[in-house]
Amino acid sequence: MAELTTPLTSVDAVMGFLAANAVHYSLSFVQAVLILLVGFWIAKRLSRFIQKTLNRSPHFDATLKPLIESVVLWSVRIITIIAVLAQFGVQTASIIAVLGAAGLAIGLALQGTLQNIAAGTMLLVLRPFRNGDYVTAGSAVAGTVEEIGLFTTTLTNADGLYVCVPNNQIWGQPITNFSRNATRRIEVTVGIALDDDLDAAMNALREHVTDDERVLDSPAPEIMVKQVSDSAVIVNVRVWSLLGNYWGLYWDLQRNVKETVEGVGCSLPYPTRTVMQVPSQAIPDPAQPRH
């Protein structure tokens, strides 16, 4: 017949076990807390050091700075958490297996989020635009880039409004970067009346754009007839300028082409339509007899 263990004996065994291992687990707990505090402190200090180092480098792309800081910070934190768990006897292989299974489950549940991460990674690696560039993506996204993250890209539109766009909506669309190239072309059209001196108007426009210092010599300015309409000859003015002078020169040309054309005696015609009235002829009545 098996012997029954009395409650007193069980309590004595538990107390003996706790007394024998109290020092061991206490030291492990203290070591885990110290590792956690020191690890998180090192992660924060290292992240700040990386931030200051990158800020002192004028040639480093500002778009990648937040990403590198986040990667360094969380890498050290994850290593610290694994070291803390190891103090309590948790096997590292088990942790990696659990993280892998959890990552697979989360990946299946958050496919759209992973698409944003993949798109953000491609934007950061290929860099079709950087912070401060004015870009458009498709027909719905337009603005000055403020920050490119792993999930979203932050922009400020022309009205000064904050715009936050998921990365997959940008990467999946044609991207136009208006700030990438150093020069841009300006195109302005002006109408000349059909009975005005076309050569005088074109020469005056050519002289005007040539005298403007903001207009580049290469490519050379172009003054050409674009179209002959019913009431006017449409003249096209094409010039190139530096990116920083684009808008100032564009608005000035819109106004100055009118003054330049009128200065040589030409006028800007209005659309006209000539209506000719033909007298109606009497139609004979077939019912009346003919003589």
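In which strand does T153 lie? In this predicted model, T153 belongs to strand β3, which spans residues 152-156. Its relative accessible area is 1%, so T153 is classed as buried, the limit for that class being under 20%. The side chain of T153 is joined to that of N167 by a polar contact of 2.7 Å.

Aromatic side chains were examined next. A search covering the whole structure returns 6 aromatic pairs. One of them is formed by W247 and W251, whose ring centres are 5.7 Å apart and whose planes meet at 25°, so that the pair is assigned as stacked. Both residues are located in helix α7 (residues 246-263), where a separation of 4 residues places them about one turn of the helix apart. With a relative accessible area of 48%, W247 is partly exposed, whereas W251, at 53%, is exposed; the two tryptophans fall into separate classes because the limit for an exposed residue is over 50%. The ring of W251 also pairs with that of Y250, and here the centres are 5.0 Å apart while the planes stand at 75°, so this pair is edge-to-face. The contrast between the two arrangements rests on the plane angle, because planes under 30 degrees apart count as stacked and those over 60 as edge-to-face. Taken together, Y246, W247, Y250 and W251 make up one aromatic cluster.

A member of this cluster is also involved in a contact with a charged side chain. R184 is placed over the face of Y246, at 3.8 Å from the centre of the ring, and Y246 is itself part of the aromatic cluster with W247, Y250 and W251. A further arrangement of this kind involves W74, over whose ring the charged end of R77 sits, at 4.9 Å from the centre.

Side chains of opposite charge can pair when their charged atoms come close. In the present structure, 7 salt bridges are found. One of them connects R214 with D252, the closest N and O atoms being 2.8 Å apart. This pair links distant parts of the chain, since R214 is situated in the loop between α6 (198-211) and β7 (222-228) and D252 in helix α7, with their positions 38 residues apart in sequence. Both partners are partly exposed, R214 having a relative accessible area of 27% and D252 one of 32%.

Helix α7 also contains the salt bridge between R255 and E259, in which the closest N and O atoms are 3.2 Å apart. These two residues are 4 residues apart, about one turn of the helix. R255 is classed as exposed, at 58% relative accessibility, while E259, with a relative accessible area of 43%, is partly exposed. Elsewhere, salt bridges with shared partners combine R185, E187, K226 and R238 into one network.

Within this network, E187 forms a salt bridge with R185, for which the closest N and O atoms are 3.2 Å apart. E187 is partly exposed at 30% relative accessibility, and R185 is likewise partly exposed, with a relative accessible area of 38%. R238, another member of the network, lies in strand β8, which comprises residues 232-242. Its relative accessible area is 23%, so R238 also counts as partly exposed. The C-alpha atoms of R238 and A220 are 8.8 Å apart in space, the two residues being 18 residues apart in sequence.

Finally, the surface carries a nonpolar patch composed of F29, V30, V33, L34, L37 and F88, which together present about 580 Å² of accessible area. Among these residues, V30 is located in helix α1, which covers residues 7-55. V30 has a relative accessibility of 44% and is therefore counted as partly exposed; this value is compatible with membership of the patch, because patches are made of residues with over 30% relative accessible area.

Methods
Residues numbered from 1 in each chain as written. Predicted model: local features only at pLDDT ≥ 70, side-chain atom pairs only at ≥ 80, totals over all residues. Heavy atoms only, no water. Patch = residues over 30% accessible without salt bridge, like charges linked within 9 Å, V, L, I, M, F, W, Y side chains within 5 Å. Areas by Shrake-Rupley, 256 points an atom, 1.4 Å probe, with all protein chains shown as cover. Salt bridge = Lys/Arg side-chain N within 4 Å of Asp/Glu carboxyl O. Buried < 20%, exposed > 50% of the residue type's maximum accessible area, 1.4 Å probe, protein only. Phe/Tyr/Trp six-rings, centres within 6.5 Å; stacked < 30°, edge-to-face > 60°. Lys NZ or Arg CZ within 6 Å of the ring centre and 35° of its normal. Polar contact = N/O pair within 3.5 Å; in protein donor to acceptor, adjacent residues only side chain to side chain.
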